[in-house]
Amino acid sequence: MPTERSALAIILAAGEGTRMKSDRPKALHEVAGRSMLGNVLSSAMSAGVGSVAVIVGPGRDDVGAEARRFIPEAEIFVQSERRGTAHAVLAARHAIAKGADDLLVLFADTPLLTAPTIGALRAALAEGAAVAVLGFQASNPFGYGRLLRDAAGRLVAIREEKDASDEERAVTLCNGGLMAIDGVEALRLLEKIDNKNAKGEFYLTDAVELARAEGLETRVVIADEAEVLGVNDRMQLAQAEALAQTRLRRAAMAGGATMIAPETVFLAADAVIGRDVTIEPHVVIGPGVEIADGAVIHAFSHLEGARVGAGASVGPFARLRPGAALAEKAKVGNFVEIKNANVARGAKVNHLSYIGDADIGANANIGAGTITCNYDGFLKYRTTIGENAFIGSNSSLVAPVTIGQGAYVGSGSVITRDVAPDALAVARGRQMEKAGWAVSFRMAQAAKKAEKR
């Protein structure tokens, strides 16, 4: 990948996505837990792109904000009129004029684009091409621009469907939309494009013929059809999601993870999964998750924004919310929810518990039904549980509160004050017993029923 060359990527993200039937702009719809725009930006960064300009529609500050969430220094330009792809690219004229060795034109609605493919486009420029176009062999070419080559296989032109002859429509090598232009030639070629075509638009694809007319070299870089899938409606969004999940599952398994039923596991694009990790069926791993070597994620668990340490165990039916951090050999069992909490090495939260805003010490044991009461309706407070502490079942720990190292909390307690190390705390009503009370109660109830008759 020619990372020694400077590169500017222009991301076209002005589409409103009318066919998505959504109030959200198309670029912000998600694939693999990340916006389509975010997926494209991530691939561009991985390909060594140093500068990014994003073209948005009028009033679409949300799209610009998303771009800067990934690349804070990204430049945002507004395409005020819809007059074709070349017109959209020239909205970033200021960025282009700064000069870069490589100019890349990418689309926010092609979320499956990979860094190696961007690298291949850049490599074509490094080898002397003035324009490099990403192409693919279409199973059904209808609607796509055709890549026309001469007898020697050199790219001659890109012909849009409406402007193509019958012979040209028979071509199955199609335009994937992405293009790389030599930075020295880019602005001049773009400004020469006119709108003399059936739709009266300024086609970026005309850059190929203009370059050829000047004797400049033009090339085709071939990609897999799935990689250039454009998302225009909900069906294509689902198709892209399925392809992305297949790719992510294969990458995780190739890296040493075991998936018992991979087709039932759903992964975010940024998931980090170590070696010898086992993921059981029906698991969702959302954004911001890291799973270290040897961990086991049992069936029907949901993780997001969480870290799972080496050899730790999660689930089944567990939920790790953002800020959950499990250390080595920690265990979170069935129907347990962890949020913004640290569970130290060897600590166990086995059953039916909620642990929020807490720090649990090494080898502590949290009994079934334990709740950290972290919210008073206005603010959230933290619970600290020391090493080797034992929290009895069905206890409520009312934060802010600290349970000392080695302390015991009796089952069914409501703890509102700190507990000293190695102490026993019991906070529940004293048990009382009235002999024969149940017999008298039943007789009284029976008498009431008789009166109503």
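**Exercise 1.** Determine how many positive and negative side chains the protein chain of this predicted model has, and how far apart the centres of the two sets lie.

*Solution.* First, fix the counting rule: Lys and Arg are positive, Asp and Glu are negative, while His and the chain ends are not counted. Next, place each charge at NZ of Lys, CZ of Arg, CG of Asp or CD of Glu. The result is 50 positive and 52 negative side chains, with 10 Å between the centres of the two sets.

The model is predicted, so local features need pLDDT of at least 70 and side-chain atom pairs pLDDT 80 or more, whereas totals for chains, interfaces and linings use all residues. Residues are numbered from 1 along each chain as its sequence is written, and side-chain values use heavy atoms, without hydrogens and water.

**Exercise 2.** State what percentage of the 453 residues counts as buried.

*Solution.* Apply the cut-offs for relative accessible area with a 1.4 Å probe, protein chains only: buried is under 20%, exposed over 50%, and partly exposed in between. By this rule, 48% of the residues are buried.

**Exercise 3.** Describe the open sheet and identify the strands at its edges.

*Solution.* Strands are DSSP runs (E, at least two residues), numbered from the N terminus; two of them pair if DSSP finds at least two bridges between them. The 10 strands follow the order β12-β15-β18-β21-β24-β26-β28-β31-β34-β36, with parallel pairing. β12 (258-259) and β36 (424-425) are at the edges; each has a single partner strand, so one side of each lacks a neighbour in the sheet. Within the sheet, β24 (residues 331-334) and β26 (residues 348-351) pair over three bridges, and Lys331 has Lys348 in β26 as its bridge partner.

Notes. Helix = DSSP H or I, 4+ residues; strand = E, 2+ residues; numbered from the N terminus.
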